[in-house]
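Ready for some practice in reading a helical fold from its coordinates? Take a look at the model below before you start.

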Amino acid sequence: MPLFSLLLYAFVSSFTPGPNNIMAMLFANKYGFKKTFKFCLGVGVGFLIILILSAYFNLLLHNFLPKIEFIMKLIGAAYMLYLAIKIVNSKNSGNDNDGGNNNSFFVGVVLQFINPKAILYGITAMSTFVLPYNNTHLSLLFYSLLLASIAIMSTSSWSMFGSIFKEFISKYRNQFNLVMALLLVYSAITILIG
């Protein structure tokens with residue numbers, strides 16, 4: 001199993017800007033870290049549910065259609081390359097309005113079911129890095145918990161360093177995005193040759 005590639009993909013995908021991280025950062029700027037941590041836990045729980053559903057959906061596809069593994073690898077690699085392009089081309093929108101007091105555990109959970117980045121991440125991570133090598137119930141639960149833990153670390157980090165991290169990314173946005181994009185390209189290549 002390409003564990004390094006899985007962790008690299010997980011960290012790059014989890015720590016780059018997305019709805020979870022941006023909302024956590026904005027909530028922490030407005031309400032503080034302690035009040036935002038419940039949102040971060042909600043993101044983790046919602047993400048865990050998405051990962052488990054993705055694992056079993058992919059396992060079902062893999063068991064009924066064994067030849068789909070190569071196609072799933074291609075789709076996963078293509079999605080990672082798409083993310084890399086989106087990251088390199090992203091611009092700061094400057095929209096910092098959180099739309100009200102939505103800083104709750106429940107909002108963190110529900111956000112995962114409408115967050116395409118989380119859903120595609122779950123499907124890609126499970127189909128590309130986990131299922132070709134491990135398909136027992138225990139291993140699926142383990143990797144789901146591992147990836148959900150990374151999601152909690154990510155949103156918590158963005159929350160904890162909200163204004164500092166925001167200023168750093170604003171100042172070095174292009175360089176940061178380029179490094180993250182190159183790491184995603186590396187992950188895509190490793191799944192295709194692995």
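The exercises that follow go from the whole chain to one pair of helices and then to single residues.

This is a predicted model, in which local features need pLDDT of at least 70 and side-chain atom pairs count only at pLDDT 80 or more, while totals for chains, interfaces and linings use all residues. Residues are numbered from 1 along each chain as its sequence is written, and side-chain values use heavy atoms, with hydrogens and water left out.

**Exercise 1. Describe the overall make-up of the protein.**

Step 1. Begin with the elements: the protein has nine helices and zero strands. Helices (H or I, at least four residues) and strands (E, at least two) are DSSP runs, numbered from the N terminus.

Step 2. Turn to burial, where buried means under 20% relative accessible area, exposed over 50% and partly exposed in between (1.4 Å probe, protein chains only). Of the 194 residues, 45% count as buried.

Step 3. Now take contacts, meaning heavy atoms within 4.5 Å. Among contacts with a separation of 6 or more, 87% join residues 24 or more positions apart.

**Exercise 2. Find the largest nonpolar core and the helices that build it.**

Step 1. Recall that a nonpolar core is a set of buried Ala, Val, Leu, Ile, Met, Phe, Trp, Tyr and Cys residues joined through side-chain atoms within 4.5 Å.

Step 2. The largest such core has 34 residues, and Leu6, Tyr9, Leu51, Tyr121, Met126, Leu147 and Leu184 have the most contacts inside it. At least two of its residues come from each of α1 (3-15), α3 (33-64), α4 (68-89), α6, α7 (137-160) and α9 (173-193).

Step 3. Zoom in on Leu147: not counting residues up to four places away in sequence, Leu147 touches Leu6, Ala10, Phe47, Leu51, Tyr121, Ala125 and Met126.

Step 4. Another core lies apart from the largest one; this other core has six residues, among them Ala24, Cys40, Val43 and Leu111.

**Exercise 3. Check the length and burial of α6.**

Step 1. The expected span of a helix is 1.5 Å times one less than its number of residues. For the 15 residues of α6 (residues 116-130) that gives 21 Å, and the end C-alpha atoms are 20 Å apart, which agrees.

Step 2. Because 11 of the 15 residues are buried, α6 is largely enclosed by the rest of the structure. Among these buried residues are Tyr121, Gly122, Met126 and Phe129.

**Exercise 4. How do α1 and α6 cross, and which residues make the contact?**

Step 1. Axes are lines fitted to C-alpha atoms, for helices over the stretch in contact, and angles run from 0 to 180 degrees between N-to-C directions. The axes of α1 and α6 come within 11 Å and cross at roughly 175°.

Step 2. Angles under 35 degrees count as roughly parallel, over 145 as roughly antiparallel, 65 to 115 as roughly perpendicular and the rest as oblique. The two helices, α1 and α6, are therefore roughly antiparallel.

Step 3. From α1 come Ser5, Leu6, Tyr9, Ala10, Ser13 and Ser14, and from α6 come Lys117, Leu120, Tyr121, Thr124, Ala125, Phe129 and Val130.

**Exercise 5. Is Lys117 buried or exposed?**

Step 1. Lys117 is found in helix α6. At 18% relative accessibility, Lys117 counts as buried.

Step 2. Leaving out residues up to four places away in sequence, Lys117 touches Ser13, Thr16, Pro17, Gly18 and Tyr79.

Step 3. Look at its partner Ser13 in helix α1: at 6% relative accessibility, Ser13 counts as buried.
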